[in-house]
Amino acid sequence: MELYHYPFHFVKKEGDYLQNDFLKYKLLYTFKSPKSHQWYWVWVEVYDKDFYAVKFHLKAHRLSKNKYNVMTGLFEARPVINTCIAIMQQIATENPHASFGFIGANMLDESSFYTKRFHIYSRMMATYFSDESFIHWVLYKKSAYVLMRRSELERNPDLINELNAKFKALYDFFD
């Protein structure tokens, strides 16, 4: 299926997080919307066990503590999300062990349960990542979505529990 997305490029690898032995480093990608002429940043956090967490925001919001919670008002969600999916697909092609996850961040006046963003993102993931290669897991309570590579689960059936325990240890959000 053809995926219309904006051209993106890799910017840098950032950080040496080996002190916690779970989060290894972050990758920064960027793209400019031809519609709004705004720049977006896509952060891909690379964790142990070939797990990648994807986050994105307007570059203009980079200094805001709410950069993941505000709506842009630019009415270009689909091509922006498609661009994040294209980045994920590129990573999946380069690393056949890669699994992915994300949180559908809540808006400032919204709870973290089954957020508007989560609803949209999860529908798109089901479209562009096949059930043949990935198992789709959701945690509605936290609006978390996991695309776990089937081949990795066959090699390690307890992988999802291991990752969950490590995320709980690293982030209070998962308690």
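# Close-up views of the salt bridges, H57 and the loops

K166 is partly exposed, at 28% relative accessibility. The views below are all taken from a predicted model.

**View 1. K166 pairs with D48 in a salt bridge.** The closest N and O atoms of K166 and D48 are 3.1 Å apart. K166 belongs to helix α4, residues 159-170, while D48 sits in the loop between β3 and β4 (51-58). The two residues are 118 positions apart, and their salt bridge links distant parts of the chain. D48 has a relative accessibility of 24%, so this residue, too, counts as partly exposed.

**View 2. K26 and E45 form a salt bridge between two strands.** The N to O distance between the K26 and E45 side chains is 4.0 Å. K26 lies in strand β2 (residues 23-32) and E45 in strand β3 (residues 39-47); the pair therefore ties together parts that are 19 residues apart in sequence. Is E45 buried or exposed? E45 is at 6% relative accessibility, under the 20% limit, and so counts as buried. The pair is also part of a network of salt bridges that links K26, E45 and K55. As background, side chains of opposite charge can pair when their charged atoms come close.

**View 3. E152 and R155 meet in a salt bridge.** Their side chains have an N to O distance of 3.0 Å. Both residues lie in helix α3 (residues 150-155), where a spacing of 3 residues is about one turn of the helix. The two partners differ in exposure: E152 is buried at 6% relative accessibility, whereas R155 is exposed with a relative accessible area of 62%.

**View 4. H57 is a buried residue of strand β4.** Its relative accessible area is 3%, and burial is called under 20%, so H57 falls in the buried class. Which residues does H57 touch, leaving aside those up to four places away in sequence? They are Y40, W41, W43, R62, K67 and Y68.

**View 5. G15 lies in the loop between β1 and β2.** Strand β1 covers residues 8-14. With a relative accessible area of 42%, G15 is partly exposed. Not counting residues up to four places away in sequence, G15 touches K24 and Y25. F167 is 152 residues from G15 in sequence, and their C-alpha atoms are 18 Å apart in space.

**View 6. D50 has a positive phi in the loop between β3 and β4.** The phi of D50 is about 60°, although this residue is not a glycine. Most residues other than glycine have a negative phi. D50 is at 24% relative accessibility and counts as partly exposed. D48, the salt-bridge partner of K166, is in the loop between β3 and β4 as well.

**View 7. Y114 has a positive phi in the loop between β5 and α2.** Here phi is about 40°, again at a residue that is not a glycine. The loop runs between β5 (99-103) and α2 (116-128). Y114 counts as partly exposed, at 33% relative accessibility.

**View 8. The whole protein, shown for orientation, has 4 helices and 7 strands.** Along the sequence these elements follow the pattern β-β-β-β-α-β-α-β-β-α-α. The C-alpha atoms fill a box of roughly 45 × 35 × 30 Å along the principal axes. A compact globule of 175 residues would have a radius of gyration near 16 Å, and the value for the protein is 16 Å, which agrees. Of the 175 residues, 42% are buried. Among contacts between residues at least 6 apart in sequence, 52% join residues at least 24 apart. The accessible surface comes to about 9800 Å², and carbon and sulfur atoms account for 54% of that area. There are 23 positive and 19 negative side chains, with the centres of the two sets 7 Å apart. How many salt bridges does a search of the whole structure find? The search finds 6, among them the pairs K166 with D48, K26 with E45 and E152 with R155.

Terms used:
Residues numbered from 1 in each chain as written. Predicted model: local features only at pLDDT ≥ 70, side-chain atom pairs only at ≥ 80, totals over all residues. Heavy atoms only, no water. Rg over C-alpha atoms; globule rule 2.2 N^0.38 Å. Buried < 20%, exposed > 50% of the residue type's maximum accessible area, 1.4 Å probe, protein only. Contact = heavy atoms within 4.5 Å. Areas by Shrake-Rupley, 256 points an atom, 1.4 Å probe, with all protein chains shown as cover. Lys, Arg positive; Asp, Glu negative; His and termini not counted. Charge placed at Lys NZ, Arg CZ, Asp CG, Glu CD.
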